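Here is a friendly walk through a structure that may be new to you. Take a moment to turn it around, and then we can begin.

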Amino acid sequence: MKAIRVRAFGPPEGMRLEEVADPAPGPGQVLVRIRAAGVNPVETYIRSGSYPRRPALPYTPGHDAAGIVEAVGDGVVGVVAGDRVYTSETVTGAYAELALCGVSRVHPLPGSVTYAQGAAVGVPYATAWRALFQRIRAVPGETVLVHGASGGVGVAAVQIARAAGLRVFGTAGTAEGIALVLRERAHAVFDHRSAGYMEEAVAATGGRGFDVILEMLANVNLPRDLKVLAMGGRVVVIGSRGTAEIDPRDAMARDASVVGMSLFNMPDADRAVVHAALVAGLENGTLRPVIGKELPLSAAAESHVAVMSPGARGKIVLLP
């Protein structure tokens with residue numbers, strides 16, 4: 001099969017499309033014929049060598065994919081060859097024509113959802129759902145601010161929060177991104193290129209501030225986030241590219257909480273809950289992954305540049 005291989009940690013250009021042996025499923029494993037693979041920022045950190053988790057070299061990147069079950073190993077029940085599935089993690093890497101997965105990491109893909117959309121579910125939607133309901137326990141009626149609402153996790157968070165009865169505000173950095181977030185039914189969207197956008201956002205809450213903030217770039221936004229929380233407000237840190245200096249009094253004055261999260265830390269029991277909810281949302285149409293760009297598998301390096309560039313509008317996927 002063809003697969004992207006990383007033989008040394010470093011820049012995107014180090015990823016190469018190579019011929020490798022087809023994997024075979026072992027006990028408890030599922031072999032998936034990949035029709036689309038999702039590209040996530042965390043995969044760029046891993047590839048660069050800056051992430052705490054480093055796979056053994058050489059390796060094939062990627063967690064999210066969607067496709068058709070090719071074969072199953074001994075002991076696998078509930079999944080059979082021919083099933084349409086999406087993945088939430090792989091053993092051998094998703095940037096490939098075939099990928100091995102543990103059986104608990106493949107989930108039903110409804111017929112109404114395209115393979116490209118299925119490849120947009122695993123990391124972004126699971127991150128948004130876990131952030132909202134398992135890490136900061138958002139409840140209907142609360143007001144949530146989603147930073148970077150036009151990106152993969154941002155769009156997922158807007159859709160999930162809106163369906164759950166929260167009042168949803170978002171930020172984006174382009175006219176197209178703002179239009180996308182509004183189409184996904186956010187109550188209001190603010191241009192984060194504008195110097196006074198946080199003041200505008202607080203004014204839209206009647207001056208009360210936000211119960212919940214989903215933070216995608218904590219090194220830039222966290223100090224300001226703490227100043228715009230409502231009493232008892234919570235910030236969940238989903239992404240950061242550096243350090244941040246905060247004034248602890250901002251948290252004290254509001255009885256505020258800041259929590260971090262990584263999907264790599266999610267227990268299996270929590271993961272089962274998350275994906276049961278996501279499959280239901282895909283089935284009933286409340287979750288509608290938005291694809292911003294489709295690229296051939298050979299353009300993996302280009303996809304890593306694009307996913308880290310400003311102006312996100314949905315998910316980037318690779319097509320074997």
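Leaving aside its neighbours within four places in sequence, which residues is Thr90 in contact with? The model you are looking at is a predicted one, and in it Thr90 touches Gly62, His63, Ala99, Leu100 and Cys101 once those sequence neighbours are set aside. To find Thr90, go to the loop that runs between strand S5 (84–87) and strand S6 (98–102). Thr90 has a relative accessible area of 13%, and because anything under 20% counts as buried, Thr90 is buried.

Now zoom in on the side chain of Thr90. One of its polar atoms lies 3.3 Å from the backbone oxygen of Gly62. On top of that, the backbone nitrogen of Gly93 sits 2.8 Å from a polar atom of the Thr90 side chain.

Thr90 also takes us to a pocket. The second largest pocket has a volume of about 360 Å³, and 21 residues line it. Those nearest its centre are Arg53, Pro55, Gly62, His63 and Thr90. Two elements, helix H1 (41–48) and S6, each give two or more residues to this lining, and the largest share, 3 residues, is from H1. What is the lining like, chemically? It splits into 7 nonpolar, 8 polar and 6 charged residues.

Next, let's look at the nonpolar cores. The largest one holds 50 residues, and Val144, Leu214 and Leu278 are the ones that touch the most other members. Plenty of elements feed into this core: helix H2 (115–118), helix H3 (122–135), strand S8 (143–146), helix H4 (152–163), strand S9 (167–172), helix H5 (175–183), strand S11 (210–215) and helix H9 (268–284) each supply at least two of its residues. Pick out Leu214 and, leaving aside neighbours within four places in sequence, you'll see it in contact with Leu132, Ile136, Val144, Leu145, Val146, His147, Ala157, Val236 and Ile238. Apart from this largest core lies another one of 29 residues, with Val30, Val32, Tyr95 and Ala299 among them.

One last stop: the enclosed space. How many cavities of 30 Å³ or more are there? The count comes to 1, and about 40 Å³ of space lies in the largest cavity. Its lining is made up of Ala120, Pro124, Tyr125, Gly151, Gly152, Val155, Pro289, Val290, Gly314 and Lys315. H3 and H4 are the elements that give two or more residues to it, and by type the lining divides into 6 nonpolar, 3 polar and 1 charged.

Technical notes: Residues are numbered from 1 along each chain as its sequence is written. This is a predicted model: local features need pLDDT of at least 70, side-chain atom pairs count only at pLDDT 80 or more; totals for chains, interfaces and linings use all residues. Side-chain values use heavy atoms; hydrogens and water are left out. Helices (H or I, at least four residues) and strands (E, at least two) are DSSP runs, numbered from the N terminus. Buried means under 20% relative accessible area, exposed over 50%, partly exposed in between (1.4 Å probe, protein chains only). A polar contact is a pair of N or O atoms within 3.5 Å; within protein, one must be able to donate a hydrogen and the other to accept it, and residues adjacent in sequence count only if both atoms are side-chain atoms. Contact means heavy atoms within 4.5 Å. A nonpolar core is a set of buried Ala, Val, Leu, Ile, Met, Phe, Trp, Tyr and Cys residues joined through side-chain atoms within 4.5 Å. On a 1 Å grid over the protein atoms alone, a cavity is a set of points where a 1.4 Å probe fits but cannot get out, and a pocket is an open set with protein on both sides within 12 Å along at least five of seven lines; lining residues have an atom within 4 Å of a point. Grid points are joined across faces, edges and corners, and a volume is the space filled by probe spheres set on the points. Ala, Val, Leu, Ile, Met, Phe, Trp, Tyr, Cys and Pro count as nonpolar, Asp, Glu, Lys and Arg as charged, and the others, Gly among them, as polar.
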